[in-house]
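User: Hi! I have a protein open on my screen and would love to talk it through with you. Can we start with a single residue and then zoom out?

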Amino acid sequence: MQDSSPSTSPRKAVVLLSGGLDSMVSAGLAREAGFEINALTIDYNQRHRREIDAARHIARELGAKRHVILPLDLRQFGGSALTDEIDVPKDGLEPGIPVTYVPARNLVFLSLTLAWAEAIGASDIFIGVNALDYSGYPDCRPEFISAFENIATLATKDGDEGTKFNIHAPLQFMGKADIAREADRLGLEAGMSWSCYDPQPDGSACGLCDSCRLRKAGFAEAGLVDTTPYAA
């Protein structure tokens, strides 16, 4: 006898997947919550390609339904140590907003994520922003995420027709040690992700940029091994 009960397919989510630790854990939490993962990686012609390779690896490991790597050449704008001929600071966390800030990056990226979400009928978006252990970027603040959620309704056909878009930022108030613990709990190999802003010629992480310092301190505090190769 054929089963006539209605099928229940998982809800779709678009996950902004940079290839970094935070985006990996955010994607892992989306999978744990039962969402079908559609991963979006923005190849913005940043200083290095290592993060893009990491995103590919993570998307495969998490069983993403689809992984789109979207080219967007922000070197045409510059204005950041990640997209211009500006040295990446190696002397510790800078006061104020550091030169590794990419102008309006998360605003631009979330807009593209929203466009794909609407195109495939998804109302849930995951982003790995963090307001505690971060470098002072204004587009990581809870106020920004909340404001964009409202914009998503105002700016879209689906929103106009009553769809409520949900911008999930599950790491928003976690410290880096908590994020490292979540990666471990989810069974995600830390070495799949990449955080360094300035990879060395031999492929190792520099260990001195803001992102490396935050990552190393987080794993040390959590008492976990980070398999990222760091320069001596």
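User: Where does Ser-26 sit?

Analyst: In this predicted model, Ser-26 lies in helix 1, which covers residues 21-32.

User: And is Ser-26 buried or exposed?

Analyst: Ser-26 is buried: its relative accessible area is 0%. That counts as buried because the cut-off is under 20%.

User: What does Ser-26 contact, leaving aside its neighbours within four places in sequence?

Analyst: The partners of Ser-26 are Phe-126, Ile-127, Gly-128, Pro-170 and Leu-171.

User: Nice. Switching to Ile-37, which strand is it in?

Analyst: Ile-37 belongs to strand 2, residues 36-43. Its relative accessible area is 5%, so Ile-37 is buried.

User: Which residues does Ile-37 touch, not counting those up to four places away in sequence?

Analyst: There are contacts from Ile-37 to Ala-13, Val-15, Ala-27 and Arg-31, and also to Leu-62, Ala-64, Lys-65 and Arg-66.

User: Leu-62 caught my eye. How many residues apart in sequence are Ile-37 and Leu-62, and what is the gap in space?

Analyst: They are 25 residues apart in sequence, and from C-alpha to C-alpha the two are 8.0 Å apart.

User: OK, zooming out. How many helices and strands does the protein chain have?

Analyst: The chain has seven helices and five strands. Starting at the N terminus, the order is β-α-β-α-β-α-β-α-α-β-α-α.

User: What about contacts across the whole chain, how many join residues at least 24 apart?

Analyst: Taking contacts between residues at least 6 apart in sequence, 73% of them link residues at least 24 apart.

User: And the overall dimensions along the principal axes, what are they?

Analyst: The C-alpha trace spans about 65 × 40 × 30 Å. The radius of gyration is 18 Å, which agrees with the value near 17 Å for a compact globule of 232 residues. Of those 232 residues, 50% count as buried.

User: What's on the surface, carbon and sulfur included?

Analyst: The accessible surface is about 11200 Å², and carbon and sulfur atoms make up 52% of that.

User: How about charges, how many positive and negative?

Analyst: There are 22 positive and 32 negative charges, with mean positions 3 Å apart.

User: Last thing: what is the average pLDDT?

Analyst: The average is 93, and 95% of the residues score at least 70. Over residues 1-6, though, pLDDT stays under 50, and the model shows zero contacts beyond four places in sequence for them. Predicted coordinates should not be read in detail where pLDDT is low.

Technical notes
Residues are numbered from 1 along each chain as its sequence is written. This is a predicted model: local features need pLDDT of at least 70, side-chain atom pairs count only at pLDDT 80 or more; totals for chains, interfaces and linings use all residues. Side-chain values use heavy atoms; hydrogens and water are left out. Helices (H or I, at least four residues) and strands (E, at least two) are DSSP runs, numbered from the N terminus. The radius of gyration is taken over C-alpha atoms; the globule rule is 2.2 Å times the number of residues to the power 0.38. Buried means under 20% relative accessible area, exposed over 50%, partly exposed in between (1.4 Å probe, protein chains only). Contact means heavy atoms within 4.5 Å. Accessible areas come from the Shrake-Rupley method with a 1.4 Å probe; for residues, only the protein chains shown count as cover. Lys and Arg count as positive and Asp and Glu as negative; His and the chain ends are not counted. The place of a charge is taken as NZ of Lys, CZ of Arg, CG of Asp or CD of Glu. pLDDT is the predictor's confidence in each residue, from 0 to 100.
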